[in-house]
Amino acid sequence: MRNIPKIEKGNTYHIYNRGINGEDIFKEKRNYSHFLNRWQDFIAPVTDTYAYCLLKNHFHFLLRVKNEDVVFVDEVTSKSKILDPTQQFSNFFNSYAQSINKAGNRTGSLFEHPYRRIKVDNEAYFARLVTYIHYNPQKHGFVDDYKQYPYSSYASHLSSKPTKLNRREVIDWFGNENKFVEFHSSYRDFKDLGDLAYEAD
């Protein structure tokens, strides 16, 4: 396995992980929302999230780690600490795995270690990476039309409902909502993404 880049402030990453030995990480429908809730608790405070897709045995996220320090204040003790992004990811995976283990009466690791992260340092790839992530359910045969898949951020980008996603920035990468839809519908050649996409699968 290639060297895994460190999680560093200000950097953009394609984050990917899957179940150990190909095991499903989403056992039932409620797991998807629980996963996203855990993401909001641990990862959202230290990142800007642009796109995601949750599949049965793996997931993809495109995000940028915030430049500034994020301070957490304990409501009980009033003590404060700076959140370490690397530790937040560890806490996130552990928290979700523990809940799945408890519900399923299982033990041991749920995810592969280490989780994969690919640093994205070329903004020209952002729109294509977002499209690649959204297209994954169709690519892997979960649905015939990725637009109908309920566990990705595709619909959220076109909705007016409140979201934790950095929706405006993503739409701006494409130009507007119509171009977002058009690009997703027309772009299928992901080979130019190279390791940014294919290393993960």
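This briefing walks through the aromatic pairs, the nonpolar core, helix H1 and strand E3 of the structure above. The model is predicted. A good place to start is Phe35, one of the residues that touch the most other members of the largest nonpolar core. Phe35 is also among the buried residues of helix H1.

**Aromatic pairs**

- The structure holds 32 aromatic pairs.
- In one of them, the ring centres of Phe26 and Phe35 are 5.2 Å apart and the planes meet at 75°; planes over 60 degrees apart count as edge-to-face, so this pair is edge-to-face.
- Phe26 and Phe35 are both buried.
- Trp39 and Phe61 make a stacked pair, with 3.6 Å from centre to centre and 10° between the planes.
- Because Trp39 belongs to helix H1 (residues 29-42) and Phe61 to strand E3 (residues 58-65), their pair ties together parts that are 22 residues apart in sequence.
- Trp39 and Phe61 are buried too.

**Charges over rings**

- Arg117 lies over the face of Tyr115, 4.3 Å from the ring centre.
- Lys147 has its charged end over the ring of Tyr146, at 4.8 Å from the centre.

**The largest nonpolar core**

- This core has 52 residues, and those touching the most other members are Ile15, Phe35, Phe59, Phe61 and Phe89.
- Helix H3 (residues 126-139) gives the core its largest share, seven residues.
- Leaving aside residues up to four places away in sequence, Phe35 touches Phe26, Leu54, Phe59, Phe61, Phe92, Tyr96 and Phe111.
- In soluble globular proteins, nonpolar side chains tend to be buried together.

**Helix H1**

- The buried residues of H1 include Asn31, Tyr32, Phe35, Trp39 and Phe42.
- Viewed down the axis of H1, the buried residues fall within an arc of 110°, so they line one face of the helix.
- Lys29 and Arg30 are exposed, on the face of H1 turned away from its buried side.
- Strand E2 (47-54), strand E3 and helix H2 (85-104) are what the buried residues of H1 pack against.

**Strand E3 and its neighbours**

- Eight of the eight residues of E3 are buried, so this strand is largely enclosed by the rest of the structure.
- His58, His60, Leu62 and Arg64 point one way from E3, while Phe59, Phe61, Leu63 and Val65 point the other way.
- E1 (residues 12-18) runs antiparallel to E3 and is joined to it by seven bridges; His14 has Leu62 in E3 as its bridge partner.
- E2 also runs antiparallel to E3, with seven bridges between them, and Thr47 has Val65 in E3 as its bridge partner.
- A hairpin of three residues connects E2 to E3.

Technical notes. Residues are numbered from 1 along each chain as its sequence is written. This is a predicted model: local features need pLDDT of at least 70, side-chain atom pairs count only at pLDDT 80 or more; totals for chains, interfaces and linings use all residues. Side-chain values use heavy atoms; hydrogens and water are left out. Rings of Phe, Tyr and Trp (its six-membered ring) pair if their centres lie within 6.5 Å; planes under 30 degrees apart count as stacked, over 60 as edge-to-face and the rest as tilted. Buried means under 20% relative accessible area, exposed over 50%, partly exposed in between (1.4 Å probe, protein chains only). Helices (H or I, at least four residues) and strands (E, at least two) are DSSP runs, numbered from the N terminus. A charge sits over a ring if NZ of Lys or CZ of Arg is within 6 Å of the ring centre and within 35 degrees of the ring normal. A nonpolar core is a set of buried Ala, Val, Leu, Ile, Met, Phe, Trp, Tyr and Cys residues joined through side-chain atoms within 4.5 Å. Contact means heavy atoms within 4.5 Å. The arc is that of the directions from the helix axis to the C-beta atoms. Two strands pair if DSSP finds at least two bridges between them.
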